[in-house]
Amino acid sequence: MKDGLTIAMPKGRIFKEAVELLRKAGYKLPQEFDESRKLIIDVPEENLRFILAKPMDVATYVEHGVADVGIAGKDVLLEEERDVYELLDLKISYCYLAVAGLPDTEMNDVAPRVATKYPKVAEAYFREQGEQVEIITLNGSIELAPLIGLSDRIVDIVSTGRTLKENGLVEYEKIEDVTSRLIVNPVSYRMKDVFIDELVARLHEVVSYETGGLLKNENPTSN
Ligand SMILES: Nc1ncnc2c1ncn2[C@@H]1O[C@H](COP(=O)(O)OP(=O)(O)OP(=O)(O)O)[C@@H](O)[C@H]1O
Ligand SMILES: O=P(O)(O)OC[C@H]1O[C@H](OP(=O)(O)OP(=O)(O)O)[C@H](O)[C@@H]1O
């Protein structure tokens, strides 16, 4: 969007909280946001265009500049390593990445296997631990893997812990906390700095108020 901002929004879990946050920041988002299945929603009164993407794809749209900014889970940013700036921790959609598996089991000595939707995160984590593992990439229902003998461990998102519990699995190590972040395309940030700084300032105010504390990233361009 030439004179305004294009924002890539993740459909699914994060969407509702992200819309709520933007509304609290004073952006008047129409009811269409709550009920439509449209993938592009223009809000001309705010000079904003929203594109609704799969959460894993948000950073791709922003890196390629078809969206100026986006909202993405830290899990996606760690996995995708896209060329985008992370401007703000929005502190929504909290969950964490963890290693899990069947209780009281050691990893196989020879060629242990780890199933995950996050191959790069898993690979890096086990490398840091000095363990050589075979990563098996799956697209969902990761908890199935140790249950049917496909892997010794999984690396997956934990939120309430219900999925692990109901499938008789236990958490072994927490890898990283995950919240949603505001990201920006570096070129857009140069060209539309006033617009983007205002968005950041307005969201920052809401997030600080809601969390009642200092943000991790007080300097918006520090990471
Ligand atoms: N319990 C959870 N499971 C997975 N993701 C979560 C959870 N809680 C918060 N999140 C955040 O939500 C994002 C995923 O959202 P969602 O589950 O809607 O997407 P998805 O799994 O990619 O979509 P789909 O299931 O349609 O493929 C993650 O990137 C993460 O940051
Ligand atoms: O700790 P919990 O609250 O149970 O949440 C964690 C579960 O939610 C996610 O799966 P999702 O529902 O997205 O399905 P998927 O397995 O198809 O990715 C994640 O992959 C875990 O399986």
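**Close-up views of a predicted model**

**View 1. The surroundings of ligand 1.** Ligand 1 has 14 residues around it, with G12, R13, G73, C95 and S159 the closest. Two elements, helix 1 (13–24) and helix 4 (74–80), each give two or more residues to this shell. Keep in mind that everything shown here comes from a predicted model. By class, the shell splits into seven nonpolar, four polar and three charged residues. Both domains take part: domain 1 (5–94 + 179–211) and domain 2 (95–177) each put at least three residues into the shell around ligand 1.

**View 2. The surroundings of ligand 2.** Here the shell is made of G140, S141, I142, E143, D156, I157, V158, S159, T160, G161, R162 and T163. Two elements, strand 9 (153–158) and helix 7 (162–166), each bring at least two residues to ligand 2. Strand 9 has the largest share, with three residues. Sorted by class, the shell around ligand 2 holds three nonpolar, six polar and three charged residues. If S159 looks familiar, that's because it is listed among the closest residues to ligand 1 and also sits in the shell of ligand 2.

**View 3. Strand 3 and its two partners.** Which way does strand 1 (residues 5–10) run relative to strand 3 (residues 48–53)? The two are parallel, and six bridges join them. On the other pairing, strand 2 (residues 40–43) runs antiparallel to strand 3, with four bridges between them. R49 is a handy residue to zoom in on: T6 stands opposite R49, and R49 is also the bridge partner of D42.

**View 4. The hairpin turn.** Strand 2 and strand 3 make a hairpin, and four residues lie between them. In that turn, N47 has a positive phi of about 60 degrees.

**View 5. The largest nonpolar core.** This core counts 33 residues, and the ones touching the most other members are V58, V62, V69, L182 and I183. Quite a few elements chip in with two or more residues: strand 1, helix 1, strand 3, helix 3 (58–63), strand 4 (69–73), strand 5 (85–89), strand 11 (180–184) and helix 9 (193–211). Which element gives the most to this core? Helix 9 does, with five residues.

**View 6. E81 in its loop.** Between helix 4 and strand 5 there is a loop, and E81 lies in it. E81 isn't a glycine, yet its phi is positive, at about 45 degrees. Is E81 buried or exposed? E81 is exposed, because just 11 other C-beta atoms lie within 10 Å and the cut-off for exposed is 12 or fewer.

**View 7. D104 in its loop.** D104 is another residue other than glycine with a positive phi, this one near 50 degrees. The loop that holds D104 runs between strand 6 (95–101) and strand 7 (113–116). D104 has 6 C-beta neighbours inside 10 Å, so D104 counts as exposed.

**View 8. The annotated stretch.** UniProt, in an unreviewed entry, places the feature "domain: ATP phosphoribosyltransferase catalytic" at residues 54–204. The C-alpha atoms at the two ends of residues 54–204 are 24 Å apart. As for secondary structure, the span is 33% helix and 30% strand.

Terms used
Residues are numbered from 1 along each chain as its sequence is written. Chains are lettered from A and ligands numbered from 1 in the order in which they are written. This is a predicted model: local features need pLDDT of at least 70, side-chain atom pairs count only at pLDDT 80 or more; totals for chains, interfaces and linings use all residues. UniProt positions are given in the numbering used here, feature names are shortened, and annotations may be inferred rather than shown by experiment. A residue is near a molecule or strand if its C-beta atom, placed from the backbone, lies within 6 Å of it. Ala, Val, Leu, Ile, Met, Phe, Trp, Tyr, Cys and Pro count as nonpolar, Asp, Glu, Lys and Arg as charged, and the others, Gly among them, as polar. Domain bounds come from an automatic or database domain assignment. Two strands pair if DSSP finds at least two bridges between them. A nonpolar core is a set of buried Ala, Val, Leu, Ile, Met, Phe, Trp, Tyr and Cys residues joined through C-beta atoms within 7 Å. A residue is buried if 20 or more other C-beta atoms lie within 10 Å of its own, exposed if 12 or fewer, and partly exposed in between; C-beta atoms are placed from the backbone.
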